Amino acid sequence: MKILAIDTSCDETSVAVTEKDRILSNVIPTQIDLHKKWGGVVPSIARRAHEEIIDKTVNEALKKARTKIKKIDAIAVTKGPGLAIALEVGIRKAKKLAQKHSKPLVAVNHIEGHLYSVITKNSKGKPDITYKFPLITLIISGGHTEIILMRDHGNYEIVGKTLDDAVGEAFDKVGRMLDLGYPAGHVIERLAKEGDENAFELPIAMKNSGSADMSYSGLKTAAMQLITKLKQEDKLNKKTISDFCASFQRAAFEQLIIKTKFILNKYKDLELEDIFIGGGVSANIYMRKLFRKNFAKPHRLHFPTQKKLCSDNAAMIGVAGYYNAIRDNYVNDIESLDRDPGWRVNFNDS
Ligand code: KG4
Ligand code: ZN
């Protein structure tokens, strides 16, 4: 089954063609340069940019996949969560394509897409990933920090989440204070490589909270106070910035480790083995190593196998769309499909 998938949930206009769980094309003309000078995503700018390039991106995705719209079996589109006025652009285009070419339409949850990014394969069907349900998923990005119990395809329960900032958001806000540009996650990771992660003590929030809920606002505030202090004392230099980045990263990821262990223990009767980690922050190699150190056999850790699959992209929506389509989970009334900016991945339609 070939799917044409569209994601315009935030600042990337992405269109992909997928076949089952394989990518045939995954086009993502980035908007980062448009938002950089504002230090974050500006919804109205994102919408205009989506509108300007969506048609071209659809054509490019079909061309790169060496296929034509008539050979496509279904259209998949992100319905939410995301920015309302950005989501609308993709949904409008998907509806138009479905109606004009008489294709069935699948509405996909964006977080469900991130979750499937971990099992998305290249055009040759690689890598071959072994996993079994139930399993847990961590979605860590600029907008989300959630632990989800996945009992089956289409069966999700949010078992832990941030109560305030998302982990990527904390990286970006701290990065702004250090003038590291936007987004800052990968820059902090690079600078941290030269630093000492024990140089500064930063708080690991909610350590003993008795739940898997998380918080990043305390770490962000403590980090900002430390930067201000270093600035005032004229101690902010290459060495202290690297030390700071390493210490900040460690504190940010230790919280994820603690909460993952908490969930594995809480649901120990389920004998959870597989751990999927997706979202923009899952590109962080230090974080991957830290998880590998903490979760040995019988646990299996799975990360997106291409960097492009960590951040927002439509291939993951196509693969999630495929698993919805084979359960016959199509949109019944295409005309009335609407965006759902706050749609939580807390549902069971398996
Ligand atoms: O999934 P994504 O592209 O967009 C959403 O937020 O939905 O995630 C972007 C986030 C940004 O906050 C960015 O700073 C962070 O992912 N990020 C990283 C790294 N690469 C991207 N954070 C830490 N380390 C990285 N290597
Ligand atoms: Zn995302």
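Start by selecting L202, F244, F248, I277 and F291 in this predicted model: of the 51 residues in the largest nonpolar core, these five touch the most other members. To see where that core is drawn from, colour β6 (135-140), β7 (145-152), α5 (167-177), α6 (185-192), α7 (217-232), α8 (238-266), β9 (274-278) and α9 (285-294), each of which supplies at least two of its residues. Helix α8 gives the largest share, 12 residues. As a general background to such a selection, nonpolar side chains in soluble globular proteins tend to be buried together.

Keep F291 on screen and display its surroundings, leaving aside the neighbours within four places in sequence; the residues in contact with F291 are then L138, L256, I257, T260, I277, L301 and F303. Apart from the largest core lies another one, of 34 residues, and to find it you can select V108, M150, I317 and F347, which are among its members.

Next, turn to the aromatic rings, for which a search of the whole structure finds 11 pairs. One of them joins Y131 and F133 in an edge-to-face arrangement, with 5.7 Å from centre to centre and 75° between the planes. Y131 counts as partly exposed because its relative accessibility is 22%, and F133, at 24%, is likewise classed as partly exposed. Move from there to F253 and Y286, a tilted pair whose centres are 6.2 Å apart and whose planes make an angle of 35°. Since F253 lies in helix α8 and Y286 in helix α9, this pair ties together parts that are 33 residues apart in sequence. F253 counts as buried, its relative accessibility being 0%. Adding F171, F244 and F248 to the selection shows a cluster, in which ring pairs link these residues with F253 and Y286.

Now select the zinc ion (ligand 2) and show H110, H114 and D312, whose atoms NE2, NE2 and OD respectively are its protein donors, at 2.1 to 2.2 Å from the ion. Why is the arrangement called tetrahedral? The four donor atoms around the zinc ion subtend angles of 92 to 133°, and the class asks that all angles lie between 85 and 135 degrees. Along the chain the donors follow the spacing H-x3-H-x197-D. Distant parts of the chain are linked in this way, with H110 in helix α4 (residues 110-117) and D312 in the loop between β10 (300-302) and α10 (315-325), 202 residues apart. Both H110 and D312 are buried.

From the zinc site, go to helix α3 (residues 84-100), whose 17 residues reach 24 Å from the first C-alpha to the last, close to the 24 Å expected at 1.5 Å a residue. Highlight its buried residues, among them L87, I91, A94 and A98, and then bring in β1 (2-7), α2 (43-64), β4 (74-80) and β5 (105-109), against which the buried residues of α3 pack. Just after the helix, look at S102, which takes a positive phi of about 50°.

Finish at G160, in strand β8 (residues 155-161), where a relative accessibility of 1% makes this glycine count as buried. Leaving aside neighbours within four places in sequence, G160 is in contact with T145, E146, I147, A212, D213 and M214. As a last selection, add F262, whose C-alpha atom is separated from that of G160 by 9.8 Å, although the two residues are 102 residues apart along the chain.

Technical notes:
Residues are numbered from 1 along each chain as its sequence is written. Chains are lettered from A and ligands numbered from 1 in the order in which they are written. This is a predicted model: local features need pLDDT of at least 70, side-chain atom pairs count only at pLDDT 80 or more; totals for chains, interfaces and linings use all residues. Side-chain values use heavy atoms; hydrogens and water are left out. Donors are N, O and S atoms within 2.8 Å of the metal (3.2 Å for Na, K and Ca); water is not among the atoms, so sites may look incomplete. Four donors count as tetrahedral if all angles lie between 85 and 135 degrees; four count as square planar and six as octahedral if opposite donors are over 155 degrees apart and all others between 65 and 115; anything else is irregular. Helices (H or I, at least four residues) and strands (E, at least two) are DSSP runs, numbered from the N terminus. Buried means under 20% relative accessible area, exposed over 50%, partly exposed in between (1.4 Å probe, protein chains only). The expected span of a helix is 1.5 Å times one less than its number of residues. Contact means heavy atoms within 4.5 Å. A nonpolar core is a set of buried Ala, Val, Leu, Ile, Met, Phe, Trp, Tyr and Cys residues joined through side-chain atoms within 4.5 Å. Rings of Phe, Tyr and Trp (its six-membered ring) pair if their centres lie within 6.5 Å; planes under 30 degrees apart count as stacked, over 60 as edge-to-face and the rest as tilted.
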